[in-house]
Amino acid sequence: SSGKTTLIKALQQAFEEPFLHLGMDKIIGFMPDKLNNWKGGKAPVGFSWTPEKDPTGKTSYHMNKEPFAKKLLQTLKDVTLLFAFQKYHLIIEDVAFGLPEVNEWKKTLRNQRTFYIGTNAPLQVLENREKARGNRYLGTSRSQYFRVHKDVQYDLELDTHVNSLEKNVEIIK
């Protein structure tokens, strides 16, 4: 709920060259619903949410990636690389959980010109957005808040709460 998709759609409109939007949510859409459990509890092969305590002691929900989900996320990297080799301009949307997962992307795209951007907002804002959307499992933004940017240094970090969408687009351009 940090505003990644909204920002990407605005960037696609703002750039003169066409940019393709690839990402985790799009590839999850390829999967049969029966492989995932978005209501809590385990999914044997896909994605699921399990409860945990965050660093403040509050309950949050962590995303589990089982074998089929892991394979599909690797395929996203492979497909992204194929598009890059074909000289498409790309915007990749991912919720990478800390430095190890960002480093996987950096390894995959090591021979490509890349620009890594982190989108941030205060926890309360993320939780309010999560609740307002109505299509998110409540407590997932809390888990991601404490994990996603852990030890990661981006080329650019944007606060989607302080800056307007238009300002963030201009900053990136």
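Me: Two strands count as paired if DSSP finds at least two bridges between them, and strands themselves are DSSP E runs of at least two residues, numbered from the N terminus. How many bridges join β2 to β3?
Reply: First, this is a predicted model, where local features need pLDDT of at least 70, side-chain atom pairs count only at pLDDT 80 or more, and totals for chains, interfaces and linings use all residues. Residues are numbered from 1 along each chain as its sequence is written, and side-chain values use heavy atoms, leaving out hydrogens and water. Now to the strands: β2 and β3 run antiparallel, and Trp49 stands opposite Met63 in β3. The number of bridges joining them is 7.

Me: Is β3 largely enclosed or open, and how many of its 7 residues are buried?
Reply: Buried means under 20% relative accessible area with a 1.4 Å probe, protein chains only. β3 has so many buried residues that it is largely enclosed by the rest of the structure. The count is 6 of the 7.

Me: Which element gives the most residues to the largest nonpolar core?
Reply: A nonpolar core is a set of buried Ala, Val, Leu, Ile, Met, Phe, Trp, Tyr and Cys residues joined through side-chain atoms within 4.5 Å. This one has 26 residues, and Met24, Phe47 and Met63 have the most contacts inside it. Elements giving two or more residues include β2, β3 and α4. The top giver, with 5 residues, is α3.

Me: Which residues of α7 are buried?
Reply: Helices here are DSSP H or I runs of at least four residues. Seen down the axis of α7, the buried residues fall within an arc of 100 degrees (taken from the directions from the helix axis to the C-beta atoms), so they line one face. On the other side, Glu166 and Glu170 are exposed, meaning over 50% relative accessible area. The buried ones are Asn168, Val169 and Ile172.
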